[in-house]
Amino acid sequence: MRASPEHAGIARSPATGGAAVITGCGETGLAPPGHEGCGSRCWRDVRKAPAPREGARFSILFVCTGNICRSPLAERLTRAALGPCPAVQVTSAGTHARPGMEMAGHTRRTLVRLGGDPADFGSRLLVPGLVAEADLVLTATGRHRAHAVALHLAAATRTFTIAEFGTLVGAVPPGKITRYRDPVRRARALVDEARALRGLVRVDELDIADPYQGSRLAHRAAGRSIARALAVPLRLLTHPQAD
């Protein structure tokens with residue numbers, strides 16, 4: 001059971017000095033190593049969450065053109081849904097980005113309306129190392145997907161457009177993902193299942209339209225498309241495991 005706002009918080013364990021995290025209805029559990037600062041937003045019940053192994057992390061990289069509209073919005077929406085747990089790391093970059101740029105103004109406002117936080121964002125240029133290090137690359141369009149794969153050919157099997165990934169994951173039986181408690185295992189299962197469905201599930205809309213220099217409505221439309229595509233993957237990542 002997810003903690004209500006009245007019960008959320010972090011207390012210190014008097015016995016060990018570790019972080020005892022309130023998990024709901026006044027129940028507390030000792031946070032696993034690496035999760036001490038996560039609080040009640042950390043992946044379901046922390047008493048059931050496995051301690052992260054060394055190197056047991058999963059990284060998601062969102063990609064668009066300038067890294068000031070679509071990919072940063074997707075990054076921050078995903079971070080908002082996953083909370084501060086370090087097991088899954090979320091970043092973004094642009095194929096033709098100028099480093100250090102802020103999000104576009106309409107994008108920031110759209111992100112806030114959707115529940116994300118635009119603070120402290122700075123654009124990055126997509127380079128081969130970023131693609132190589134990512135466990136999942138999600139791009140705004142098919143052209144971005146091709147660009148990312150050209151930078152690191154081995155990433156072809158784990159690179160999708162955002163809309164494509166949302167459609168493929170939507171066809172996955174939820175139990176194939178939610179049977180795992182470990183968020184990293186869930187994330188890897190999502191990629192494996194989506195990969196297996198390529199060519200078998202019809203994807204009508206592959207791309208997210210670029211709202212750059214467009215109207216407020218264009219940015220909102222792009223934001224809604226991204227949020228809609230990510231809804232099922234994020235729900236499967238964070239949904240409580242049935243006991």
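Let's start at one spot in this predicted model: Ser-59 stands opposite Gln-89, a residue of strand 5. From here you can find the neighbouring strand, since strand 4 covers residues 58-64 and is joined to strand 5 by 7 bridges, with the two strands running parallel. Strands of a sheet pair through backbone hydrogen bonds, either parallel or antiparallel.

Now widen the view to the whole sheet. It is an open sheet of 4 strands, placed in the order 5-4-6-7, and the pairing is parallel. At its edges you will find strand 5 (88-94) and strand 7 (159-161), each of which pairs on one side only. As you step from one strand to the next, the twist averages 25°.

Next, look at what packs against these strands. Helix 1, made of residues 70-82, packs on the sheet and touches strand 4 and strand 5. The direction of helix 1 makes about 170° with that of strand 5. Helix 5 (residues 162-170) lies across strand 4, strand 6 (136-139) and strand 7. Follow helix 5 against strand 7 and you will see that it runs at about 95° to that strand.

With the backbone in mind, we can turn to the charged side chains. A search of the whole structure turns up 10 salt bridges. One of them pairs Arg-70 with Asp-210, and their closest N and O atoms are 3.4 Å apart. Arg-70 belongs to helix 1, while Asp-210 sits in the loop between helix 7 (183-197) and helix 8 (216-238), so this salt bridge ties together parts that are 140 residues apart in sequence. The two partners have their own surroundings: Arg-70 is buried because its relative accessible area is 4%, under the 20% limit. Asp-210, at 45% relative accessibility, counts as partly exposed.

Helix 1 also takes part in another charged group, for Glu-75, Arg-76 and Arg-79 are linked in a network of salt bridges.

The loop between helix 7 and helix 8 has further contacts to show you. Arg-198 forms a salt bridge with Glu-164, with 3.2 Å between the closest N and O atoms. This pair links distant parts of the chain, as Arg-198 lies in that loop and Glu-164 in helix 5, 34 residues apart. Which of these partners is buried, and which is partly exposed? Glu-164 counts as buried at 7% relative accessibility, whereas Arg-198 is partly exposed, with a relative accessible area of 29%.

Stay with Arg-198 a moment longer, and look for a ring beside it. Arg-198 lies over the face of Phe-160, at 4.1 Å from the ring centre. Phe-160 in turn forms an aromatic pair with Phe-165, and the structure holds 1 such pair. The two rings are 5.2 Å apart centre to centre, and the angle of 55° between their planes makes the pair tilted. Both Phe-160 and Phe-165 are buried.

For a last stop, find a salt bridge with a rather simple setting. Asp-204 forms a salt bridge with Arg-202, the closest N and O atoms being 2.6 Å apart. Are these side chains buried or exposed? Asp-204 counts as exposed at 57% relative accessibility, and Arg-202 counts as exposed at 69%.

Methods:
Residues are numbered from 1 along each chain as its sequence is written. This is a predicted model: local features need pLDDT of at least 70, side-chain atom pairs count only at pLDDT 80 or more; totals for chains, interfaces and linings use all residues. Side-chain values use heavy atoms; hydrogens and water are left out. Two strands pair if DSSP finds at least two bridges between them. Axes are lines fitted to C-alpha atoms, for helices over the stretch in contact, and angles run from 0 to 180 degrees between N-to-C directions. Contact means heavy atoms within 4.5 Å. A salt bridge is a side-chain nitrogen of Lys or Arg within 4 Å of a carboxyl oxygen of Asp or Glu. Buried means under 20% relative accessible area, exposed over 50%, partly exposed in between (1.4 Å probe, protein chains only). Rings of Phe, Tyr and Trp (its six-membered ring) pair if their centres lie within 6.5 Å; planes under 30 degrees apart count as stacked, over 60 as edge-to-face and the rest as tilted. A charge sits over a ring if NZ of Lys or CZ of Arg is within 6 Å of the ring centre and within 35 degrees of the ring normal.
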